[in-house]
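Thanks for making the time this morning; I would like to walk you through one structure, starting with the fold and then moving to a few individual residues. Please have the sequence and the coordinates open while I talk.

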Amino acid sequence: MQRRIVVDGDACPVKREIAETAPRFDMHVLMVSSFDHRLEAAEGVTVIQVDRSDQSADLYIANHIRAHDVVVTQDYGLAALALAKNCSVITFRGKIIDNQDIDFLLDSRHTHAKARKRGHYGKGPKPLTDEDRRTFQHKLTKLLKDLQEFV
């Protein structure tokens with residue numbers, strides 16, 4: 001089976017960069033999003049729309065990814081499931097998540113959730129800049145090149 005790029009598309013700010021990069025590696029892109037987010041299919045990009053309940057896109061992705069897919073997400077829970085299925089994971093900012101990182105990231109997510117329940121809210125992530133987009137595309141390209149060497 002051919003390796004794919006599977007995108008958690010609901011809040012993904014780098015869809016264009018993914019769609020531009022994938023053809024260079026002869027990879028198909030699967031963008032998964034709720035009906036609340038309008039995505040358009042393009043050549044080499046299939047859009048799957050799921051219902052608008054909280055974790056629908058993540059559950060769809062978790063149930064449809066295959067070993068060796070590349071998963072693009074900011075969700076550490078989904079990242080953990082993808083790693084367990086022997087997928088590669090990259091965030092929207094180009095951070096590669098691996099098995100050495102995931103326990104710390106999940107613990108950090110839990111700590112922040114507990115703080116939010118106590119009324120402590122952070123500022124949230126900074127808006128993505130053009131430089132961030134270039135960095136993501138560079139890191140995705142490097143990841144895909146590295147993965148080609150292991151085929």
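Let me begin with Asp26, which is exposed, with a relative accessible area of 61%, and I should say at once that what you are looking at is a predicted model. Asp26 sits in the loop between α1 (15–21) and β2, and its phi is positive, at about 55°, although Asp26 is not a glycine. As background, most residues other than glycine have a negative phi. Where else does a residue other than glycine show a positive phi? Asn86 does, with a phi near 65°, and Asn86 is placed in the loop between α3 (76–84) and β5 (88–90). Asn86 counts as partly exposed, at 46% relative accessibility, whereas Asp26 is exposed.

With those two loops in mind, let me step back to the chain as a whole. The secondary structure comes to 5 helices and 6 strands, and from the N terminus on, the elements follow the order β-α-β-β-α-β-α-β-β-α-α. The chain has 151 residues, of which 40% count as buried, and its accessible surface comes to about 9,300 Å², with 52% of that belonging to carbon and sulfur atoms. If we take the contacts between residues at least 6 apart in sequence, 51% of them join residues at least 24 apart.

That brings me to the interior. Which residues of the largest nonpolar core touch the most other members? This core has 23 residues, and the ones with the most such partners are Ile5, Val7, Ile18, Val29, Val70, Val72 and Leu144. At least two residues of this core are supplied by each of β1 (4–8), β2 (28–34), β3 (45–50), β4 (70–72) and α5 (130–149), and α5 gives the most, with 5 residues. Apart from this core lies another one, of 17 residues, with Ile48, Ala62, Val89 and Ile97 among them.

Val70 deserves a closer look. Leaving aside neighbours within four places in sequence, Val70 is in contact with Arg3, Arg4, Ile5 and Val6, with Met27, with Ser88 and Ile90, and with Leu140, Leu143, Leu144 and Leu147. Ser88, one of those partners, lies in strand β5 and is buried, with a relative accessible area of 17%. Beyond residues up to four places away in sequence, Ser88 touches Asp69, Val70 and Val71, as well as Leu143 and Leu147.

Now consider His68, in the loop between α2 (56–64) and β4. At 42% relative accessibility, His68 counts as partly exposed. The C-alpha atoms of His68 and Gln2 are separated by 8.6 Å, although the two residues are 66 apart along the chain. Not counting neighbours within four places in sequence, the contacts of His68 are Arg3, Lys85, Asn86 and Cys87, so that Asn86, with its positive phi, comes back into the picture here.

Let me finish with the charged side chains. In general, side chains of opposite charge can pair when their charged atoms come close. The count comes to 8 salt bridges in this model. One of them joins the side chains of Glu17 and Arg133, at 3.7 Å from N to O, and this pair links distant parts of the chain, with Glu17 in helix α1 and Arg133 in helix α5, 116 residues apart. Is Glu17 buried or exposed? Glu17 counts as buried, at 2% relative accessibility, while Arg133, at 22%, counts as partly exposed. Both residues also belong to a network of salt bridges that links Arg16, Glu17, Glu20 and Arg133.

A second pair is Lys95 and Asp101, whose side chains meet in a salt bridge at 3.6 Å, N to O. Both ends count as partly exposed, Lys95 at 38% relative accessibility and Asp101 at 22%. In the third pair, Arg134 forms a salt bridge with Glu131, with the closest N and O atoms 3.0 Å apart. Because Arg134 and Glu131 are 3 residues apart in helix α5, about one helical turn separates them, and Glu131 is partly exposed, with a relative accessible area of 46%.

Terms used: Residues numbered from 1 in each chain as written. Predicted model: local features only at pLDDT ≥ 70, side-chain atom pairs only at ≥ 80, totals over all residues. Heavy atoms only, no water. Core = buried A, V, L, I, M, F, W, Y, C linked by side-chain atoms within 4.5 Å. Buried < 20%, exposed > 50% of the residue type's maximum accessible area, 1.4 Å probe, protein only. Helix = DSSP H or I, 4+ residues; strand = E, 2+ residues; numbered from the N terminus. Contact = heavy atoms within 4.5 Å. Salt bridge = Lys/Arg side-chain N within 4 Å of Asp/Glu carboxyl O. Areas by Shrake-Rupley, 256 points an atom, 1.4 Å probe, with all protein chains shown as cover.
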